[in-house]
Amino acid sequence: MTTTQQAQSTLLAAAEIKGTTVQNLQNEDIGEVDELLIRHQDGVVRLAVLSVGGFLGLGSTRVAVPWAALDITILRDGTVRMTLDATREQLEKAPRTEGKNYQRLYTGEVVEPIFNYWEIEYVD
């Protein structure tokens with residue numbers, strides 16, 4: 001009997017991630033990926049901006065989450081599953097991002113507290 005294994009890609013397109021529903025460890029939908037913030041010097045994704053709360057995008061708020069806080073799994077059908085170890089209460093208290101003016105998040109003094117909130121080691 002011969003078996004073949006399908007190669008699993010190690011890369012994801014930003015378009016596959018943007019709009020992906022994020023669930024918590026209880027499999028509850030807690031938000032969706034609105035933006036990815038990439039450090040231009042080395043191309044590393046530093047933060048995901050999640051849209052949380054609201055209905056159909058109305059009344060939602062955006063929360064910055066370190067990329068390392070998200071667990072990403074590619075399911076057998078090729079869909080992306082993203083999990084964040086967070087309660088709704090943690091999301092309500094999480095650092096917010098306002099508008100689409102993200103350059104303020106690129107400075108260490110602003111980013112480090114976000115990493116600290118999510119208990120992820122900050123490395124500049």
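**View 1. R39 and its partner D42.** R39 sits at 22% relative accessibility, so this residue counts as partly exposed. This is a predicted model, and here it pairs R39 with D42 in a salt bridge, with the closest N and O atoms 2.6 Å apart. D42 also counts as partly exposed, because its relative accessibility is 45%. If you're wondering what brings two such side chains together, here's the general idea: side chains of opposite charge can pair when their charged atoms come close. The count of salt bridges in the model comes to 4, and a couple of others get their own views below.

**View 2. E35 reaches across to K18.** Here the side chains of E35 and K18 meet in a salt bridge, at 3.4 Å from N to O. This one ties together distant parts of the chain: E35 belongs to strand β2 (residues 29-39), while K18 is in the loop between α1 (14-17) and β1 (21-23), 17 residues apart. Is E35 buried or exposed? With a relative accessible area of 18%, E35 is buried. K18, on the other hand, has 47% relative accessibility and so counts as partly exposed.

**View 3. A salt bridge within helix α2.** Zoom in on K93 and E89, whose side chains form a salt bridge at 3.8 Å, N to O. Both are part of helix α2 (residues 88-93), and because they are 4 residues apart there, about one helical turn separates them. As a rule, an α-helix has 3.6 residues a turn, so residues three or four places apart point the same way. K93 has a relative accessibility of 59%, so K93 counts as exposed.

**View 4. R46, tucked away in a strand.** R46 is part of strand β3, which covers residues 44-52. Its relative accessibility is 14%, so R46 counts as buried. Which residues does R46 contact, leaving aside neighbours within four places in sequence? The list runs L37, R39, V65, P66, W67, V111, F115, Y122, V123 and D124. You've already met one of them, R39, as the salt-bridge partner of D42.

**View 5. The buried face of helix α3.** Two of the residues touching R46, V111 and F115, turn up again here: along with I114, they are buried in helix α3 (residues 108-117). Seen down the axis of α3, the buried residues fall within an arc of 100°, so they line one face of the helix. What covers them includes strands β3 and β4 (61-66). Just after α3 comes E119, which has a positive phi, near 55°.

**View 6. I72 and its surroundings.** I72 lies in strand β5, made up of residues 70-74. At 29% relative accessibility, I72 counts as partly exposed. Not counting residues up to four places away in sequence, I72 touches L12, W67, V80, R81 and M82. W67 is also among the contacts of R46. As for L84, 12 residues from I72 along the chain, the two C-alpha atoms are separated by 9.1 Å.

**View 7. Where to be careful.** How confident is the prediction, and what is the average pLDDT? The protein averages 84, and 86% of the residues score at least 70. Residues 1-6 have a pLDDT below 50, and this stretch makes 0 contacts in the model beyond near neighbours in sequence. Where pLDDT is low, the predicted coordinates should not be read in detail.

Notes
Residues numbered from 1 in each chain as written. Predicted model: local features only at pLDDT ≥ 70, side-chain atom pairs only at ≥ 80, totals over all residues. Heavy atoms only, no water. Buried < 20%, exposed > 50% of the residue type's maximum accessible area, 1.4 Å probe, protein only. Contact = heavy atoms within 4.5 Å. pLDDT = per-residue confidence, 0-100. Arc of directions from axis to C-beta.
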